[in-house]
Amino acid sequence: MQVKEILNQKGRDIFAVKPDSTVYEAIAKMAEYNIGALLVMEDSNLKGILSERDYRNRVILEGRTSKTTEVQEIMTKDVIRVEPTDTVNLCMQLMTEKKIRHLPVVDNEQVVGVISIGDVVKTVIAHQKSEIDSLRNYIGGGYPT
């Protein structure tokens, strides 16, 4: 299974803010869309990612205010990304090792989507269910079509 399969199922919506947006504006957008992270983009260039964890660690715990702090001050700049042809297993490995929940999907330097740990888990479960159903059908006397 490849990342592009996840994007084909969930869609390719990209939620982003500009680096000079305030953290308050970014958090409001995250609440509006019920998401846990936003890409930070300038034009079509990926500059970083802002997550709930960034907010907790770099605003709340450092005593900053979200209405005066710019996103570029607290965003994660070294963004781990994947390509549409990368495997779901690679995504699971990266997310586990790096302790991240969101991966931008980049194709030829263009952001084409974002996948979350939830997207990955749903895909793996659906794939496993399909395999189990096929095996049950085979064992029960049916033949795969």
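What covers the buried residues of α5? In this predicted model, the cover includes helix α1 (residues 3-10), the strands β4 (102-107) and β5 (110-116), and helix α6 (117-139). The residues of α5 that lie beneath this cover can be named: within the helix, which spans residues 88-98, V88, C91, L94 and M95 are buried. Viewed down the axis of α5, these buried residues fall within an arc of 120°, so they line one face of the helix. Such an arrangement may be read against the general geometry of helices: an α-helix has 3.6 residues a turn, so residues three or four places apart point the same way. The face of α5 that is turned away from the buried side carries exposed residues, namely N89, T96 and E97. After the helix comes K99, which has a positive phi, near 55°.

A comparable description can be given for helix α2. In this helix, which covers residues 23-33, the buried residues are V23, A26 and M30. Seen down the axis of α2, they fall within an arc of 60°, so they line one face of the helix. Against these buried residues pack the strands β1 (16-17), β2 (37-42) and β3 (45-51), together with the helices α3 (52-60) and α4 (71-74). On the face of α2 that is turned away from the buried side, the exposed residues A31 and E32 are found. The residue that follows α2 is N34, and its phi is positive, near 55°.

The strands that pack against the buried residues of α2 include β1, β2 and β3, and these 3 strands form an open sheet in the order β1-β2-β3, with mixed pairing. In this sheet β1 and β3 stand at the edges, each with a single partner strand, so one side of each is left without a neighbour in the sheet. The pairing of β2 with β3 is antiparallel and extends over 6 bridges; within it, L38 has L50 in β3 as its bridge partner.

The strands β4 and β5, which belong to the cover of α5, likewise run antiparallel, and 6 bridges join them. Within this pairing, P104 has V114 in β5 as its bridge partner. The two strands form a hairpin with 2 residues between them, and in this hairpin N108 takes a positive phi near 50°. Most residues other than glycine have a negative phi, and most peptide bonds are trans. Against that background, N108 has a positive phi of about 50° although it is not a glycine, and E109, also not a glycine, has a positive phi of about 65°. N108 lies in the loop between β4 and β5, and E109 is found in that loop as well. On which side of the cut-offs do these loop residues fall, buried or exposed? N108 is exposed, with a relative accessible area of 70%, and E109 is exposed too, with a value of 64%.

The strands themselves supply buried residues. L103, which lies in strand β4, is buried, with a relative accessible area of 0%. When residues up to four places away in sequence are not counted, L103 touches I80, V82, C91, M95, G113, V114 and I115; of these, C91 and M95 are among the buried residues of α5. The C-alpha atoms of L103 and I49 are separated by 9.3 Å, although the two residues are 54 residues apart along the chain. In strand β5, S116 is found, and its relative accessible area of 19% places it among the buried residues, because buried means under 20%. Leaving aside neighbours within four places in sequence, S116 is in contact with M95, R101 and H102, and M95 thus appears in the contacts of S116 as well as in those of L103.

A further feature concerns the surface. I117, V121 and I125 form a nonpolar patch there, with about 240 Å² of accessible area together. I125 has its place in helix α6, a helix that also forms part of what covers the buried residues of α5. At 51% relative accessibility, I125 counts as exposed, because the term applies over 50%.

Conventions. Residues numbered from 1 in each chain as written. Predicted model: local features only at pLDDT ≥ 70, side-chain atom pairs only at ≥ 80, totals over all residues. Heavy atoms only, no water. Buried < 20%, exposed > 50% of the residue type's maximum accessible area, 1.4 Å probe, protein only. Helix = DSSP H or I, 4+ residues; strand = E, 2+ residues; numbered from the N terminus. Arc of directions from axis to C-beta. Contact = heavy atoms within 4.5 Å. Pairing = 2+ DSSP bridges. Patch = residues over 30% accessible without salt bridge, like charges linked within 9 Å, V, L, I, M, F, W, Y side chains within 5 Å. Areas by Shrake-Rupley, 256 points an atom, 1.4 Å probe, with all protein chains shown as cover. Salt bridge = Lys/Arg side-chain N within 4 Å of Asp/Glu carboxyl O.
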